[in-house]
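Subject: Structure for you to look at

Hello,

Here is the structure I promised to pass on. Please open it next to this email and follow along.

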Amino acid sequence: MRTINQQHHNITDLSLEPNDFLTDVLQGLSSNPKMLSAKYLYDELGSKLFEKITSLDEYYQTRTEIDILHQSYSTISTLIGEHVDLVELGSGSSKKTHILLDEQRVNSYIPIDISTSMLTNTVDQLKEKYPSLTIHGMVADYTKPFSLPALGGNKKVTFFPGSTIGNFEPSEAAMFLKQLSQTFNKEDGLLIGVDLKKDQHIIEKAYNDEKGITAAFNKNVLTRINRELQCDFKVENFQHHAYYNTSKSRIEMHLISTIDQTVQFQDQTFAFTKNETIHTENSYKYSIDSFQKLCLWCGFKPVEVFMDKNQWFSVHYLEVM
Ligand SMILES: C[S@@+](CC[C@H](N)C(=O)[O-])C[C@H]1O[C@@H](n2cnc3c(N)ncnc32)[C@H](O)[C@@H]1O
């Protein structure tokens, strides 16, 4: 573990070991069908591309969640309370968190993200905007065990926006939430954004934008593998493909091989037939009821749920039972 002292704030660096990435990629490309974990989409460029995605017209999720947080702010701030430690999972640019930090009722803010560049830049910017706030950033994979820094607030509120929970298989989401609930004290809260089931064309457009930013985001994982693991993917021979799998209520993002080809990786060769895919991300969509049932099973009781008028997105406040 490394602690980087940046002026008056700390960043704990628990970033992935290069070997973890290698092992996961080798395992993913050896599996049938081939797959890669979505967490590897977020290197420096991937994080910047994701930020661009969040302001695309087609990507309703970010602006809708921000609208919900603004519109329901007075109830949400009452639920959160004062002098709390705000822990954010997959904080990215922390754009949504400004809504919660602006009133300065937070004792400390602990953003956690797997992307070192995004986390450190964001902490720098937050420190400028909120000079008196204690910020302790953590570069970490939240699916692996890690310890939070010492907290001194009245309670802990975990913020998990962006429907990032939808990237987990439902069984993994259940395990993740169950483990999270076991770290909670009675008064702690979970504020979590969850994308909802809706007309599948609206969902599919969000992952197939006209400018091709999502395609670049998806393909960038191959460039990352080439750079960090000395592989020779010909990125131009893969195409972005995202579609809604109705029976599983999820967007699936894939990279399709446009030709028969082989890819050399360390001492191994991976063969791709034309139209074979690498499955790079799932984004599960829930109903209010299915998400609340999942949470109840994991030890969380629903306290409030907030939605936009179209009922496209939801923000849940939960406490442990
Ligand atoms: C869908 S984006 C959401 C970003 C931001 N919270 C928002 O709502 O716009 C997912 C974020 O989670 C981070 N992330 C993905 N997998 C992660 C993991 N296993 N551990 C920590 N952070 C992760 C990514 O780097 C990215 O910033």
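Start at the end of one helix. H10 is followed by Gly299, which has a positive phi, near 95°. Keep in mind that this is a predicted model.

Now look at H10 itself, residues 288–297. Its buried residues are Ile288, Phe291, Gln292, Leu294 and Cys295. They sit on the same side of H10, because they cover an arc of only 155° around the axis. The general rule helps here. An α-helix has 3.6 residues a turn, so residues three or four places apart point the same way. The face turned away from the buried side carries Lys293 and Trp297, which are exposed. What do the buried residues of H10 pack against? They meet helix H7 (170–181) and three strands: S8 (189–195), S14 (300–307) and S15 (313–320).

Helix H2 (residues 44–54) tells a similar story. Gly46, Ser47, Leu49, Ile53 and Thr54 are buried there. Looking down the axis of H2, you find them within an arc of 165°, so they line one face of the helix. Their cover includes helices H3 (60–71), H6 (116–129) and H9 (213–229).

Next, a sheet. It is open, has 4 strands and runs in the order S3-S13-S10-S9. The pairing is mixed. Which strands stand at the edges? They are S3 (34–35) and S9 (238–245). Each has a single partner strand, so one side of each is left without a neighbour in the sheet. S9 pairs with S10 (residues 250–257) in the antiparallel sense, over 8 bridges.

Stay on S10 and find Glu252. This residue is the bridge partner of Tyr243. Is Glu252 buried or exposed? Its relative accessibility is 4%, so Glu252 counts as buried. The side chain of Glu252 makes a polar contact of 2.8 Å with the side chain of Arg250. Beyond its neighbours within four places in sequence, Glu252 is in contact with seven residues listed here: His241, Ala242, Tyr243, Asn245, His279, Glu281 and Asn282.

Another acidic residue deserves a stop. Asp85 lies in strand S4 (residues 84–89). Asp85 is buried yet has no salt bridge. The nearest side chain of opposite charge is Lys156, 8.8 Å away. What does the side chain of Asp85 reach instead? One polar contact, at 2.5 Å, goes to the side chain of Ser108. The backbone nitrogen of Gly153 is reached at 2.7 Å. Leaving out residues up to four places away in sequence, Asp85 also touches others, among them Asn107, Ile110, Leu151 and Val157.

Last, some backbone details. Most residues other than glycine have a negative phi, and most peptide bonds are trans. Here are the exceptions to check:

- The peptide bond from Asn32 to Pro33 is cis, with omega near 0°. Pro33 lies in the loop between helix H1 (18–30) and S3.
- His83 is not a glycine, but has a positive phi of about 55°. The loop between helix H4 (73–80) and S4 holds His83. Its relative accessibility is 37%, so His83 counts as partly exposed.
- Gln266 has a positive phi too, near 50°. Find Gln266 in the loop between strands S11 (261–265) and S12 (268–272). Gln266 is partly exposed, with a relative accessible area of 44%.

Best wishes

Methods
Residues are numbered from 1 along each chain as its sequence is written. This is a predicted model: local features need pLDDT of at least 70, side-chain atom pairs count only at pLDDT 80 or more; totals for chains, interfaces and linings use all residues. Side-chain values use heavy atoms; hydrogens and water are left out. Helices (H or I, at least four residues) and strands (E, at least two) are DSSP runs, numbered from the N terminus. Buried means under 20% relative accessible area, exposed over 50%, partly exposed in between (1.4 Å probe, protein chains only). Lys and Arg count as positive and Asp and Glu as negative; His and the chain ends are not counted. A salt bridge is a side-chain nitrogen of Lys or Arg within 4 Å of a carboxyl oxygen of Asp or Glu. A polar contact is a pair of N or O atoms within 3.5 Å; within protein, one must be able to donate a hydrogen and the other to accept it, and residues adjacent in sequence count only if both atoms are side-chain atoms. Contact means heavy atoms within 4.5 Å. The arc is that of the directions from the helix axis to the C-beta atoms. Two strands pair if DSSP finds at least two bridges between them.
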